[in-house]
Amino acid sequence: MMLVLTLAILTLVVEVSTQWLLRRRQRAADEAIGRSHGCLQAPRLANQRPFGVDRLEQIFRADAESRLMELFLFHFRQTGSTLEQKFLGTKAYGTIEPANLEAILNTRFKDFGIGLRRAITFPLVGDGIFTQEGADWKHSRDMLRPQLQHRQYEDLEVFQTAVDDLIQIVQESNGIIDLQPLFFRLTLDTSTAFLFGESVRSLITPEAVGESTFATAFNTAQQWVTKRFRLVDIYWLINGREFRQACQDVHRFVDQIIDRSLSSDRSKGDGSGRYVFLDTVAQSTPDRTALRGQIIILLTAGRDTTACLLSWTFFLLVRHPRVIEKLRTEISSTCGGNSNLNRDDLRRMSYLQNVLKETLRLYPSVPVNTRTAVRTTVLPTGGGPDRKSPVLIPKGSAVAFSVYSMHRRPDLYGMDAELFRPERWDEEMPLQHNLTNLKWGYLPFHGGPRSCLGMDFALTQAGYTVVRLLQSFGTIKLPQGENVELVGVEKQEMTLVVSIKEGCKVEIN
Ligand code: HEM
């Protein structure tokens with residue numbers, strides 16, 4: 001007995017000393033890399049309590065008050081565009097510096113991974129482009145890229161039924177309506193129409209009818225995934241029955257569609273001769289689980305992001321009637337009342353494109369993101385007293401970047417950076433005085449090898465929806481009693497995307 005105990009203690013001592021030695025060696029190697037690059041420490045976000053517990057408290061409090069983005073913006077303004085912080089005892093980094101974003105997303109792409117993303121989202125999405133890395137990710141990207149090219153939706157037909165449904169609902173309303181939940185249904189309908197060749201028609205399916213089960217399960221599962229992201233390392237604590245059931249429901253729904261699509265009687269499109277994403281992708285993904293993963297990821301990637309873009313666009317438009325008027329003028333001079341549009345018509349409307357660009361500047365759908373260093377690496381700038389020296393990022397460290405905060409930097413966008421002013425995109429901005437800032441200072445779709453594959457799809461859908469709504473309704477304005485606050489001060493809801501806490505109410509008829 002005594003011998004066993006002694007052996008156990010010896011093993012423990014050897015293990016702890018080995019770990020300590022390895023860590024010391026790693027630190028020494030890291031410091032050597034730091035010295036060779038001239039790295040200096042980035043300004044540290046001060047902690048008031050041990051282990052940075054206060055940071056977590058601040059985040060939970062700000063989130064409960066629906067002002068998480070305001071907190072992050074405040075941290076960067078208080079400390080600098082690149083900062084170091086302690087998060088539950090672990091060092092982490094934050095940056096809103098275009099040169100550093102270029103390094104993370106592009107030039108040093110291979111030094112950074114997606115961290116715990118796969119583990120956190122696995123029960124819902126399984127494996128697919130968003131959760132893969134290395135060769136698997138590259139394979140998915142090569143396979144999906146051609147399917148998301150604009151020739152697949154050039155004629156806008158895939159968006160039409162959903163927009164018609166939306167217009168009908170608005171027409172049947174009493175003229176005051178919250179557009180945000182409708183935009184979430186609209187983008188679910190167009191995503192399913194595009195991916196599956198048939199829409200779930202969630203806009204016109206009453207909640208009471210069982211067919212909306214998929215939409216409900218999808219929402220529930222996503223809410224659970226968001227909670228898991230919040231807990232970072234201890235995400236596995238969040239795994240309730242409701243979550244597992246919702247994931248099962250989503251899988252069952254997608255499996256049924258895949259079955260139908262792959263059955264011999266529907267193996268060539270949906271019979272209409274129309275392009276169907278699922279049929280094409282299924283040919284290169286014979287494995288059922290892998291196919292399901294890709295499809296669920298595309299549903300997730302495409303739905304909330306575009307719904308948020310549309311919601312914030314109308315939120316801003318009704319608070320800036322002058323912009324609506326200018327848009328109306330552009331629409332009538334480009335296509336009049338003709339609702340039979342194509343993608344080229346939308347691209348010709350430069351003011352419409354500026355409105356969407358400006359909305360995504362102030363409210364990028366993915367406002368914060370993180371990467372984890374898979375090897376010790378260096379960010380080009382942000383350290384030392386002048387904050388211009390390179391910063392060492394040790395292996396395993398998380399680096400958060402917030403394009404929401406970067407897009408509001410006055411030194412990039414001018415002193416009126418907090419204002420919604422689509423015209424700025426036709427003027428000279430400080431951003432343009434430096435090539436790196438110009439290329440990496442505006443990133444709603446990120447950049448580099450992992451940039452969004454659905455950018456054109458999203459902008460086309462959003463542009464089309466805006467034009468059709470403006471063509472169909474002569475009045476779109478802020479209802480009486482609705483708040484008008486400074487941009488960014490309104491309450492926001494943070495999941496993986498940023499939406500409007502109190503919705504997007506408009507008077508429309
Ligand atoms: C306004 C709408 C949208 C915004 C702002 C947006 C933004 C983004 C961002 C920031 C990423 C990078 C995420 C990361 O690397 O961590 C991303 C990735 C992605 N997006 Fe989008 N997205 C939008 C709409 C769409 C749509 C409609 C689709 C598909 C129909 C789509 C498909 C994808 C895919 C497949 C990826 C993964 C790319 C990869 O990992 O290689 N997105 N999106």
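In this predicted model, 40% of the 509 residues of the protein chain count as buried. A compact globule with 509 residues would have a radius of gyration near 23 Å, and the 25 Å found for the protein chain agrees with that expectation. Taken along the principal axes, the box filled by the C-alpha atoms of the protein chain comes to roughly 85 × 60 × 40 Å. If one takes the contacts between residues at least 6 apart in sequence, 74% of them join residues that are at least 24 apart.

The secondary structure of the protein chain consists of 19 helices and 12 strands. Among these strands, five form an open sheet in the order β1-β2-β8-β5-β3, and the pairing within this sheet is mixed. Because β1 and β3 stand at the edges and each has a single partner strand, one side of each is left without a neighbour in the sheet.

The residue ranges of the five strands are as follows.

| Strand | Residues |
|---|---|
| β1 | 82-87 |
| β2 | 90-95 |
| β3 | 112-113 |
| β5 | 368-373 |
| β8 | 398-402 |

Within the sheet, β2 and β8 pair in the parallel sense, and three bridges join the two strands. Where β2 and β8 run alongside each other, G94 stands opposite A400, which belongs to β8.

A helix also belongs to this picture: α4, made of residues 98-107, lies across β1, β2, β3, β5 and β8, and its direction makes an angle of about 125° with β8.

Key: Residues numbered from 1 in each chain as written. Predicted model: local features only at pLDDT ≥ 70, side-chain atom pairs only at ≥ 80, totals over all residues. Pairing = 2+ DSSP bridges. Helix = DSSP H or I, 4+ residues; strand = E, 2+ residues; numbered from the N terminus. Contact = placed C-beta atoms within 7 Å. Axes fitted to C-alpha atoms, helices over the stretch in contact; angles between N-to-C directions. Rg over C-alpha atoms; globule rule 2.2 N^0.38 Å. Buried ≥ 20, exposed ≤ 12 C-beta atoms within 10 Å, placed from the backbone.
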